[in-house]
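Here's a walk through one structure, with the charged pairs up front and the overall layout after that. Keep the model open and turn it as you read.

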Amino acid sequence: MFSTDDTIAAIATPPGSGGIGVVRLSGITLRYIDLREADRLARKEAKRVVNLLRVVPEQPRTDKDIRTDAERAVLRWERYGPFDAVAIDVVDGAAKLTGWVESPFKRNEIEERLARVDAIRDVLNDLRVQGFS
């Protein structure tokens, strides 16, 4: 189905030109976590990353099944507490997070936990960090 010879990353500068530090990621990946990792590694080496990678899961799943697994990943996390309120909506395999969490760490970790859910294509993290006074 997919060739291992497909281009995943390429420097977006013509040969012989001075590098301007832009990396273009293109192609497909089977898991969202792999897309995130490719993006993270490219950002270590480049000034700018154009990420055109697409997630195409091997086994398609319904949005309802993805949402069930995503909710389980968040609600069963031992650090999810009474001051956190996270809603998850899934449309066409893309999860949208809304609500509030106690800290920036929790905001990032919840997104990371969803990235590991099977058949997730994208995560839009609209979680807000609530301030306590």
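Let's start with Glu102 in this predicted model. Its relative accessible area is 30%, and since the buried class stops at under 20% and the exposed class begins at over 50%, Glu102 counts as partly exposed. Its side chain meets that of Lys106 in a salt bridge, with 2.7 Å from N to O.

Now follow Lys106, which sits in helix α3. The side chain of Lys106 also forms a salt bridge with Asp84, again listed at 2.7 Å from N to O. That second pair ties together distant parts of the chain: Asp84 belongs to the loop between α2 and β6, 22 residues away from Lys106. Are Asp84 and Lys106 buried or exposed? Asp84 has a relative accessible area of 7%, so it is buried, and Lys106, at 8%, counts as buried too.

For a pair within one helix, look at α2. Arg67 and Glu71 both lie there, 4 residues apart, or about one turn of the helix. Their side chains meet in a salt bridge at 3.0 Å, N to O. Arg67 has a relative accessible area of 38%, so it is partly exposed; Glu71, with 27%, is partly exposed as well.

The structure has 12 salt bridges in total, and some of them join up: Arg36, Glu111 and Glu112 are linked in a network. As a general point, side chains of opposite charge can pair when their charged atoms come close.

To see where that network sits, look at how two helices meet. The axes of α1 and α3 come within 8 Å and cross at roughly 125°. That angle lies between the perpendicular range, which ends at 115, and the antiparallel one, which starts over 145, so α1 is oblique to α3. On the α1 side the contact is made by Tyr32, Ile33 and Arg36, and on the α3 side by Glu111, Glu112 and Ala115. The networked residues Arg36, Glu111 and Glu112 are thus among the residues that make this helix contact.

Not every charged residue has a partner, though. Which residue is buried yet has no salt bridge? It's Arg113, whose nearest side chain of opposite charge, Glu109, is 4.1 Å away. A salt bridge needs the nitrogen and the carboxyl oxygen within 4 Å, so Arg113 does not get one from Glu109. Arg113 lies in helix α3, and once its neighbours within four places in sequence are set aside, it is in contact with Ala73 and Trp77.

Time to step back to the whole chain. The protein has 3 helices and 8 strands, which come along the sequence in the pattern β-β-β-α-β-β-α-β-β-α-β. Of its 133 residues, 35% count as buried. Among contacts with a separation of 6 or more, 62% are between residues 24 or more positions apart.

What about the nonpolar interior? In soluble globular proteins, nonpolar side chains tend to be buried together. Here the largest nonpolar core holds 30 residues, and the members that touch the most others are Val86, Ile88, Leu97, Ile110 and Leu114. The elements that give two or more residues to this core are β2, α1, α2, β6, β7, α3 and β8. Leu97 makes a good place to zoom in: leaving out residues up to four places away, its contacts include Val86, Ile88, Ile110, Leu114, Val123 and Leu127, along with Glu111 and Asp126.

Over in strand β2 you'll find Val23. Its relative accessible area is 15%, so Val23 is buried. The C-alpha atoms of Val23 and Asn51 are 8.2 Å apart, with their positions 28 residues apart along the chain.

Finally, two spots in the backbone. Most residues other than glycine have a negative phi. Asp92, however, has a positive phi near 55°, and it sits in the loop between β6 and β7. With 62% relative accessibility, Asp92 counts as exposed. Ala119 has a positive phi too, of about 75°, and is found in the loop between α3 and β8. Its relative accessible area is 7%, so Ala119 is buried.

Key
Residues are numbered from 1 along each chain as its sequence is written. This is a predicted model: local features need pLDDT of at least 70, side-chain atom pairs count only at pLDDT 80 or more; totals for chains, interfaces and linings use all residues. Side-chain values use heavy atoms; hydrogens and water are left out. A nonpolar core is a set of buried Ala, Val, Leu, Ile, Met, Phe, Trp, Tyr and Cys residues joined through side-chain atoms within 4.5 Å. Buried means under 20% relative accessible area, exposed over 50%, partly exposed in between (1.4 Å probe, protein chains only). Contact means heavy atoms within 4.5 Å. Lys and Arg count as positive and Asp and Glu as negative; His and the chain ends are not counted. Axes are lines fitted to C-alpha atoms, for helices over the stretch in contact, and angles run from 0 to 180 degrees between N-to-C directions. Angles under 35 degrees count as roughly parallel, over 145 as roughly antiparallel, 65 to 115 as roughly perpendicular and the rest as oblique.
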